[in-house]
Amino acid sequence: MRRRPPPPPPVPFSPHAARAHRAGLGLTPAQVADGMAAHGVRLLPTHVIAWESGELRPDEQEFIALARALWCPPVQLMGVRPATLRDHRLARELTADQAARRIGVTAQTYEKAERTGRWDADEEQSRALAHALGLTLRTLVRVTGRQEDLERCLRQVVDGRWQARLDAVARMVPAPREALSAALSDLQNEYLVPTHWGSAVPAAQQPPAAPLPNRFWELLGRRPTDVPV
């Protein structure tokens, strides 16, 4: 028998924020329900009351319609900062299918990324993902589960030739190659200390001034990138 996929986790939702936004607009639960109907979601005012009391949580479609009915960014109803691909997608008021179309991948590919927290795509698709969900490069690396992979690549950069790791870094960090090349070259040079004999040794043997990924982001931030660092 074919196993059903596990149900999606609950949508991040703050009952207090929903209640505060409704009260701030001077709306009744019935008026909120009417406003949601205009966005394709029909339900009873008792649902709105149950959300505000914490008894129930809205699903994705209901959550987006509620944010529109309350005239507020969805992130303000989450109560927490977006932490996953799904959170960032909902913050942009997108369904999974809409996000997949904007990125240029199949819905199955995108849904798998949300489900597993891993994104295995090429440089252009990673850039499209960042644009579609409004992600910075740092956030992109974090929510796609690539932080450890990037740190491992950066250690290989300072221990060897940065040119050999450029393609691997570009898959994770879709910035212009010129900007990445300059940042990686500077990073390698900073972690090399000249000796009295004119040779160089990896500065990783000495305590670095900052964690390697942090310094990489600082150096990359000095260059123009189409996706913010």
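The following exercises, each with a worked solution, concern a predicted model of a single chain.

**Exercise 1. The chain as a whole**

Determine how many helices and strands the chain has, and what share of its residues count as buried.

Solution. Begin with the secondary structure, which comes to 14 helices and 2 strands. Turn next to burial: of the 229 residues, 42% count as buried. The accessible surface of the chain is about 12900 Å², and carbon and sulfur atoms hold 52% of that surface. Finally, consider the contacts with a separation of 6 or more: residues 24 or more positions apart account for 61% of them.

**Exercise 2. The surroundings of helix 4**

Establish which residues of helix 4 (residues 60-69) are buried and which helices they pack against.

Solution. The cut-off comes first: a residue is buried when its relative accessible area is under 20%. The residues of helix 4 that count as buried are Glu62, Phe63, Ile64, Ala65, Leu66, Ala67 and Ala69. These are 7 of the 10 residues of helix 4, so the helix is largely enclosed by the rest of the structure. The partners of the buried residues are helix 1 (15-25), helix 2 (29-37), helix 3 (45-53), helix 5 (75-78) and helix 6 (85-91).

**Exercise 3. Helix 2 against helix 4**

Describe the angle, handedness and residues of the contact of helix 2 with helix 4.

Solution. The two axes come within 8 Å and cross at roughly 110°. Helix 2 is therefore roughly perpendicular to helix 4, because angles of 65 to 115 degrees count as such. Helix 2 passes helix 4 in a right-handed crossing. On the side of helix 2, Val32, Gly35 and Met36 make the contact, and on the side of helix 4, Glu62, Ala65, Leu66 and Ala69 do. By class, the residues of this contact divide into 5 nonpolar, 1 polar and 1 charged.

**Exercise 4. Two partners of helix 14**

Work out how helix 13 (residues 177-190) and helix 11 (residues 147-159) are each placed relative to helix 14.

Solution. Take helix 13 to begin with. Its axis and that of helix 14 (residues 212-220) come within 9 Å and cross at roughly 135°. Helix 13 is therefore oblique to helix 14. The crossing of helix 13 past helix 14 is right-handed. Ala179, Leu180, Ala183, Leu184, Asp186, Leu187 and Glu190 in helix 13 touch Leu212, Arg215, Phe216, Leu219 and Leu220 in helix 14. The residues of this contact comprise 9 nonpolar, no polar and 3 charged.

Now take helix 11, which packs against helix 14 at an angle of about 80°, with the axes 9 Å apart. Helix 11 is therefore roughly perpendicular to helix 14. From helix 11, Leu150, Glu151, Leu154, Arg155 and Val158 meet Leu212, Pro213, Phe216 and Trp217 of helix 14. Here the division is 7 nonpolar, no polar and 2 charged. Leu212 and Phe216 of helix 14 appear in both contacts.

**Exercise 5. Positive phi values in two loops**

For tryptophan 71 and glutamate 93, state the phi value, the location and the exposure.

Solution. Tryptophan 71 has phi near 55°, a positive value in a residue other than glycine. Its place is the loop between helix 4 and helix 5. With a relative accessible area of 76%, tryptophan 71 is exposed, because the cut-off for that class is over 50%. Glutamate 93 has a positive phi as well, near 60°. Glutamate 93 belongs to the loop between helix 6 and helix 7 (96-103). Its relative accessibility is 25%, so glutamate 93 counts as partly exposed.

Technical notes
Residues numbered from 1 in each chain as written. Predicted model: local features only at pLDDT ≥ 70, side-chain atom pairs only at ≥ 80, totals over all residues. Heavy atoms only, no water. Axes fitted to C-alpha atoms, helices over the stretch in contact; angles between N-to-C directions. Helix = DSSP H or I, 4+ residues; strand = E, 2+ residues; numbered from the N terminus. Parallel < 35°, antiparallel > 145°, perpendicular 65-115°, else oblique. Left-handed = near helix turned anticlockwise from the far one by under 90°. Contact = heavy atoms within 4.5 Å. Nonpolar A, V, L, I, M, F, W, Y, C, P; charged D, E, K, R; others polar. Buried < 20%, exposed > 50% of the residue type's maximum accessible area, 1.4 Å probe, protein only. Areas by Shrake-Rupley, 256 points an atom, 1.4 Å probe, with all protein chains shown as cover.
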